[in-house]
Amino acid sequence: VPSREIRAGQMKALQPLIDRGDMRVVAAPWILPSQAAARMEAILAQPLSVDAVLASDNETAEDVEKALDRPELSGKVLVAGLGEDLSTCRRLVAHTQSLTVYLPPQKLAEETAYLAAKLARKASEFDCQFTDVDNGRATVKAVLLTPVVVDAKNLDSTIIADGVQKREEVYGKAGR
């Protein structure tokens, strides 16, 4: 189940659109990834127009895409996800997923190393912005990094350039 911070970030972006009437949420957003295909099928069986699906992880995005894999919908309903696994990258290339949210591992590693070194020296001052986050058990300090939006256009310069996925595995042996 996605974190409260992910949900809060999604709603921060979506709420103005909902409030203006530019967007209508037609389904409860939080489901287990294993329920995504069945839930999407149930939504599609209703007389609703579905323009986009916001999936909070790559498993959910993959199952939603399977439910949308029919001639009249495949590639027409925008699917946004979270992750950089191989199947996500392949869906971006195939245009069955519109975008994914990505945190570059180099940035994560740098920030983690910086914080670990400061904590090891028992530092009391840090060169970063901490945020209080409720992790379900307690409120803890966290450093929230800015994610990168990746689509088919910048896949090569982000996920592939960072070495997270190999170009030949994403595009196949023939390349692009």
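In this predicted model, two strands are said to pair if DSSP finds at least two bridges between them.

Q: Which residue of E6 is the bridge partner of Thr100?
A: Thr100 belongs to strand E3. Strand E3, residues 99–102, is joined to E6 by three bridges, and the two run antiparallel. Within E6, the bridge partner of Thr100 is Val150.

Q: What is the order of the strands in the open sheet of four strands?
A: Strands of a sheet pair through backbone hydrogen bonds, either parallel or antiparallel. In this open sheet the pairing is mixed. Strand E1 (52–54) and strand E6 (148–150) are the edge strands, each pairing on one side only. The order of the four strands is E1-E2-E3-E6.

Q: By how many degrees are neighbouring strands of this sheet turned against each other on average?
A: The sheet in question is the open one with mixed pairing. With direction ignored, the average turn between its neighbouring strands is 20 degrees.

Q: Is Thr100 buried or exposed?
A: Leaving out residues up to four places away in sequence, Thr100 touches residues including Leu82, Leu92, Val149 and Ile159. A residue counts as buried under 20% relative accessible area. Because the relative accessibility of Thr100 is 0%, Thr100 is buried.

Q: Which residue has a backbone oxygen that the side chain of Thr100 reaches at 2.6 Å?
A: Among the residues touched by Thr100 are Gly81, Gly83 and Thr88. The side chain of Thr100 comes to 2.6 Å from a backbone oxygen, that of Gly83.

Q: Why are Glu111, Leu115 and Lys118 on the same side of H5?
A: Glu111, Leu115 and Lys118 are buried in H5. They lie on the same side of H5 because the arc they cover around the axis is only 65 degrees. On the other side of H5 are the exposed residues Gln106, Thr112 and Ala120. The arc of the buried residues is thus 65 degrees.

Q: What distance does helix H5 reach from its first C-alpha to its last?
A: Helix H5 covers residues 105–120 and has 16 residues. At 1.5 Å a residue, the expected span is 22 Å, and the helix is close to this value. From first C-alpha to last, H5 reaches 22 Å.

Q: How many Å apart in space are Glu169 and Cys89, C-alpha to C-alpha?
A: Glu169 is part of helix H7, residues 167–171, and is partly exposed at a relative accessible area of 35%. Beyond its neighbours within four places in sequence, Glu169 is in contact with Leu86 and Arg90. In sequence, Glu169 and Cys89 are 80 residues apart, while their C-alpha to C-alpha distance is 9.5 Å.

Note on methods:
Residues are numbered from 1 along each chain as its sequence is written. This is a predicted model: local features need pLDDT of at least 70, side-chain atom pairs count only at pLDDT 80 or more; totals for chains, interfaces and linings use all residues. Side-chain values use heavy atoms; hydrogens and water are left out. The expected span of a helix is 1.5 Å times one less than its number of residues. Buried means under 20% relative accessible area, exposed over 50%, partly exposed in between (1.4 Å probe, protein chains only). The arc is that of the directions from the helix axis to the C-beta atoms. Axes are lines fitted to C-alpha atoms, for helices over the stretch in contact, and angles run from 0 to 180 degrees between N-to-C directions. Contact means heavy atoms within 4.5 Å. A polar contact is a pair of N or O atoms within 3.5 Å; within protein, one must be able to donate a hydrogen and the other to accept it, and residues adjacent in sequence count only if both atoms are side-chain atoms.
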